[in-house]
Amino acid sequence: MRGYEMVSGNSNSPESPLKTNRVFGVTMASSFPFENYLLPNLGVPDVTFSCIQEPHPTASWDETASEYKGEIHSEDPESQLLIYSQGDCCILRFTPLDFFIRPDAIVAHLRDGTYRYLVELWLFGKVFSVWLELRGVPTIHASSVVTNHGAICFLSTSGGGKSALAATLVKAGCPLLTDDILPMKREGDVFLGVPGYPSMRMWPDQAEYFVGSYEELDLVHPLYSKRRVRVGPGGFGTFCSKEQPLKAIYIPDRQDPKTKLRIEPVSPVDALFELIKNSFTAQVVEALGLQPQRMNFFADLVMQLPFRRLIYPDGYDNLPEVRDAVLEDAGSL
């Protein structure tokens, strides 16, 4: 299991080779030593990422001038997020580091090297979500897999069961499209799910159930027991690296172990509410004035794509039945 080392100076040192990888449907160039396994890509970079361990020398941090101020409800409960805009640059100021987001570059300024693990955690979370939203690509809190009937996704906030449901299907042979963040695009009347990167995050009991053990898996965060699980060759299941037409969106509702499994249609009005509630950076998007364009996207999505409420019993022993029911339902749509 890897530890977390302190970073001093510019982590993109001259000795570190620049690598290009495909993540969230774009090609990223960086020399940052990522812990997650990323798919290599030889294309022209859409964005570069770099990390520097020092505050930005010219930034002015007047909280009253920020467009958004809120708490981070994720792996670091003590963190605060402030958002600023300066021309074509959007600045996400977290407690220990700042991200400067531009159309062709993302730069992290890390003020304390002991928090290096948060760079990757937030880059592949809120930061990339904002970068995509600024380019008109809505992102929702969902995990997605590819079935014989098309891509399906499970839409819920953290702890809602989406990753376990996706892992159940991955274990059964369905390629993973993304875990936790699902970017979406539209081509005519077809809505596409955009692949994330070949990794999942699991709690120890989940890792034991799906991959057999957890002790040798890397920690996602040094203060939590959640593990990073590689997907693909040498890891768990398979990964789909291409955009896929979305077949259906399921909204998990995990209940008592004795609950009867059922799948119910969701009205367009309720589906729209769920999309807004489970947008990955809903408050940030609203603060940046991006809500109208994504609302139009969501309004068309709920009219053309079936949304289903998945009411199912808790417990690993019940997951095979849930898996079969979801696959049968998706095939009937």
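This passage describes strand pairing, a charged surface patch and two loop residues in a predicted model.

Strand 11, which spans residues 150-155, is paired with two other strands in the model. Strand 10 (residues 139-147) runs antiparallel to strand 11, the two being linked by six bridges, and the connection from strand 10 to strand 11 is a hairpin of two residues. Within this pairing, Ala142 lies opposite Leu155 of strand 11. Strand 18 (residues 244-255), in contrast, pairs with strand 11 in the parallel sense, over four bridges, and here Ile152 has Ala248 of strand 18 as its bridge partner. Six of the six residues of strand 11 are buried, so that the strand is largely enclosed by the rest of the structure. In general, the strands of a sheet pair through backbone hydrogen bonds, in either a parallel or an antiparallel arrangement.

A separate description applies to the open sheet of three strands, in which the order is 15-17-16 and the pairing is antiparallel. Strand 15 (199-202) and strand 16 (218-219) occupy the edges of this sheet, and because each has a single partner strand, one side of each is left without a neighbour in the sheet. Strand 17 comprises residues 227-230 and is joined to strand 15 by four bridges in the antiparallel sense; in this pairing, Arg228 of strand 17 is the bridge partner of Arg201.

The surface also carries a negative patch, which is formed by Asp205, Glu208, Glu215 and Glu216. Of these residues, Asp205 is placed in helix 3, which covers residues 204-211. The relative accessibility of Asp205 is 43%, and the residue is therefore classed as partly exposed, a class that lies between the limits of 20% for buried and 50% for exposed residues.

Two loop residues were examined for their backbone geometry. Phe24, although not a glycine, has a positive phi of about 50 degrees, and is located in the loop between strand 1 (19-23) and strand 2 (26-30). With a relative accessible area of 3%, Phe24 is buried. Asp180, likewise not a glycine, has a positive phi of about 85 degrees, and its place is in the loop that lies between strand 12 (176-178) and strand 13 (181-187). Asp180 has a relative accessibility of 13% and therefore counts as buried, since the cut-off for this class is under 20% relative accessible area.

Conventions. Residues are numbered from 1 along each chain as its sequence is written. This is a predicted model: local features need pLDDT of at least 70, side-chain atom pairs count only at pLDDT 80 or more; totals for chains, interfaces and linings use all residues. Side-chain values use heavy atoms; hydrogens and water are left out. Two strands pair if DSSP finds at least two bridges between them. Patches are made of residues with over 30% relative accessible area and no salt bridge: like charges are joined within 9 Å, nonpolar side chains (Val, Leu, Ile, Met, Phe, Trp, Tyr) within 5 Å. Accessible areas come from the Shrake-Rupley method with a 1.4 Å probe; for residues, only the protein chains shown count as cover. A salt bridge is a side-chain nitrogen of Lys or Arg within 4 Å of a carboxyl oxygen of Asp or Glu. Lys and Arg count as positive and Asp and Glu as negative; His and the chain ends are not counted. The place of a charge is taken as NZ of Lys, CZ of Arg, CG of Asp or CD of Glu. Buried means under 20% relative accessible area, exposed over 50%, partly exposed in between (1.4 Å probe, protein chains only).
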